[in-house]
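Let's look at how a protein holds its ligand, one question at a time. Have a look at the structure first.

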Amino acid sequence: MNEILAIESSCDETAVATLTKNGQVGLSRVISQIDMHEVFGGVLPEAAARRHLEALPYLLQGVTRPDLVCVTAGPGLLPALLTGVSVALGLSHGWGIPLLGVNHVVAHVAAASLEQDIHLPVLGLVVSGGHTSFYFIERWSEPKLIGWTYDDAAGECLDKVGRALGMKYPAGPAIDKLALDISDRIALPLPLKNESSFNFSFSGLKTAALRHKDDTSPEILAASLMDAVVAHLMDRVDRVMADYHYPLVVGGGVSASSYLRNRFLSKYGNNVLFPSPKRSTDNAEMIAAYGRLLLDEGVKPSACVSPDPNMERGWC
Ligand code: KG4
Ligand code: ZN
């Protein structure tokens, strides 16, 4: 097997990881920019890129020449992607080794392969701050997007409502804890309940939650929102599973939620898999893992990778 170096810089985490020849994670380093972005309540692309550029040389210290460099080519914030891809291009040229650009969202699904054997086909649900996407994956090199969000992503909805309730960015982990600790709920609507697509919509839920800001305690409101987000996700999973009888892998930052995991596991049992919570949020191990799965399928890396904020393909 090839030794892989992976670089992730699509949003507000700068990360570097290696996979050794026997498939084990070698080093894995992440620097989060949350302290900077919480001041603004969201991620500023140019500021994120500047931080990535400062962090990458530091994170790459002591890394020796691998057989392949994998880098997140998209989707994500263009300035942020550009820094990671530029550094990866430099390393690949300097070391004279191939470069593979991979899709960050599909990599959230691939993260699970670091801990368990994933037998294709699978359904991949990615629930993060930037995406809520459903994939049908028969081949890692040709993931098929079968569902997406019309507006906000699930994590974005949690973060925005959390901000309005005075919570720190990102609010997901605090809201998750409230949903576990508090059992009182107010009723929030089930989005797209009359639509039979596999798509999502979270902005109506955000508006509905905020309408109760002055007549419900912030704790109950936050717990009710988490409940409603999970109910919407499970409603779509039920629809997908009625048509596709395959195991479901759930990744992305929101899937680190213990509340979500409990609900999914009690409903779908052995049919649902998760990467461990620390591999659900952004990291570079998942980028290396996806690169390895692509190589195993016979994908031939080239050296021409260009960042694509709206990337749909699995790799480039
Ligand atoms: O996958 P991720 O780290 O970055 C993106 O690719 O977007 O996801 C970040 C999102 C944020 O919206 C954050 O609030 C949410 O994941 N999040 C959580 C938890 N940990 C992170 N949401 C609920 N429960 C958690 N434990
Ligand atoms: Zn992500």
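Q: What makes the pair formed by H108 and ligand 1 a polar contact?
A: An N or O atom in the side chain of H108 is 3.3 Å from an oxygen atom of ligand 1. A polar contact is a pair of N or O atoms within 3.5 Å (within protein, one must be able to donate a hydrogen and the other to accept it, and residues adjacent in sequence count only if both atoms are side-chain atoms), so this pair qualifies. Keep in mind that this is a predicted model, where local features need pLDDT of at least 70 and side-chain atom pairs count only at pLDDT 80 or more, while totals for chains, interfaces and linings use all residues. Side-chain values use heavy atoms, without hydrogens and water, residues are numbered from 1 along each chain as its sequence is written, and chains are lettered from A and ligands numbered from 1 in the order in which they are written.

Q: How do you know that G172 makes a polar contact with ligand 1?
A: A backbone N or O atom of G172 lies 3.1 Å from an oxygen atom of ligand 1, and therefore the pair meets the polar contact limit.

Q: Why is ligand 1 said to lie between domain 1 and domain 2?
A: Both domain 1 (3-109 + 280-296) and domain 2 (119-274) give residues to the shell around ligand 1, so ligand 1 lies between them. The domain bounds come from an automatic or database domain assignment.

Q: Which helix gives the most to the shell around ligand 1?
A: Helix 6 does, with three residues.

Note on methods:
Helix = DSSP H or I, 4+ residues; strand = E, 2+ residues; numbered from the N terminus.
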